[in-house]
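Good morning, colleagues. Please take a moment with the sequence and the structure before I begin.

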Amino acid sequence: MQLELRHLQAVCRIAEAGSLGAAARRLGVSQPALSAQLRRIEQVTGGELFVRGRGGVEPTALGQFVLAKARRVLNEMDALGAEAREIATGAPLRLGCILLVLLDGLLAQTDLSMSGQEITVDLEDSVTALARMLGAGRYDAIVYGEVNEHEVPLPEGALARTLVPKEPFCIRLSAEHPLAGRELIDLADLAGESWMTLVEDDDGGPEALVAACARAGFAPSLRYRITDRKMHYDLIAAGRAISLSQPTAPTAPGTVMRPLAGAPVTGRIRLAWNRSAVSAGQAELLYRAAGRAYLANVANNAFHKEWWDAHPEVHPSLD
């Protein structure tokens, strides 16, 4: 028997999962079948690759050697596929995105930085669906957000890079609201308000809002969920709701945006890509395009520009 890529993948999955049972589930095979395959691989490599420990299986010295070689080969194969796709004509890069503030600018920036490469962009309102479609091959790369400590599980074969590690969410409310004249609003002062829920409900946002309000001593009334941006803003302008918002969001007639004291809810923006479809060079271009798009919106609100200038550690690395 000669070793094939599927054998190398099996060895890596066993090491990553820490047990044959967990690795078998990830690979979609039965545990006995994976055990038999491992024995055949060990016959080729000349010795045991894993031994049972208290926490599951652990690689032997030979296993560590084979793993290092296997990972190198698999990474090279992924790079081969991504770079071949980049060279091939008629193969557009498929980008999926949550409706983030930076989307409009991102489209313009990718046009500038990836000239000659066709790009298709689809919007989703579920981060979970976005990640699932990345794993299924519908998207080559995705741009998405996470709130507070929530982490979106990514599929195997995906790499990710954080674009903006932290941005403090703010409040959008009617310009006629009694608190509109304040420069800084305490979350506790918003008890009793009707809230517009975030469009994305699986990025940790609703949980973060509920938890922050609980710490402030109240439970928020999550009354509205509207994806249409104009209707969203009109409802707030009419004084019927308030909402959390990215601090880079544009102004809207009849509304104002104000920072929250203590920044109880923060966001994070990330880029993830399928390493077998997107080369390292393409991923870098996407990162830079998204970074420039975000920077173009920083000055939309003076309070965020002031915060941003005071926190260079969260700036994307575009040098």
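A crossing of two helices is called left-handed if the near helix is turned anticlockwise from the far one by less than a right angle, and right-handed if clockwise. With that term in place, let me say that what you see is a predicted model.

I begin with a pair of helices. Helix 1, residues 5–17, passes helix 3 in a left-handed crossing. Which residues of helix 1 and helix 3 make the contact? On the side of helix 1 they are R6, H7, A10, V11 and I14, and on the side of helix 3 they are L34, Q37, L38 and I41. Sorted by class, this contact has 6 nonpolar, 2 polar and 1 charged residues. As for the geometry, the axis of helix 1 and that of helix 3, residues 31–45, come within 11 Å and cross at roughly 115 degrees. Since angles of 65 to 115 degrees count as roughly perpendicular, helix 1 is therefore described as roughly perpendicular to helix 3.

I turn now to a sheet. It is an open sheet of 5 strands, in the order 9-8-10-7-11, with mixed pairing. Strand 9, residues 221–224, and strand 11, residues 255–259, stand at the edges; each has a single partner strand, so one side of each is left without a neighbour in the sheet. On average, and with direction ignored, neighbouring strands here are turned by 40 degrees against each other.

Let us follow strand 7 within this sheet. Strand 7 covers residues 170–174 and is joined to strand 11 by 5 bridges, the two running antiparallel. Across that pairing, L173 stands opposite V256, and S174 stands opposite T255. Strand 7 also runs antiparallel to strand 10, residues 242–245, with 3 bridges between them. There, I171 has L244 as its bridge partner. Is strand 7 enclosed or open to its surroundings? Of its 5 residues, 5 are buried, so strand 7 is largely enclosed by the rest of the structure.

My last element is helix 6, residues 127–136. Its buried residues are V127, A129, L130, A131, M133 and L134. What covers these buried residues of helix 6? The cover includes strand 3 (93–98), strand 4 (119–124), strand 5 (141–147), strand 6 (158–168) and strand 12 (266–274). Just after helix 6 comes G137, which takes a positive phi of about 90 degrees.

Thank you for your attention.

Conventions. Residues numbered from 1 in each chain as written. Predicted model: local features only at pLDDT ≥ 70, side-chain atom pairs only at ≥ 80, totals over all residues. Heavy atoms only, no water. Pairing = 2+ DSSP bridges. Helix = DSSP H or I, 4+ residues; strand = E, 2+ residues; numbered from the N terminus. Axes fitted to C-alpha atoms, helices over the stretch in contact; angles between N-to-C directions. Buried < 20%, exposed > 50% of the residue type's maximum accessible area, 1.4 Å probe, protein only. Parallel < 35°, antiparallel > 145°, perpendicular 65-115°, else oblique. Contact = heavy atoms within 4.5 Å. Nonpolar A, V, L, I, M, F, W, Y, C, P; charged D, E, K, R; others polar.
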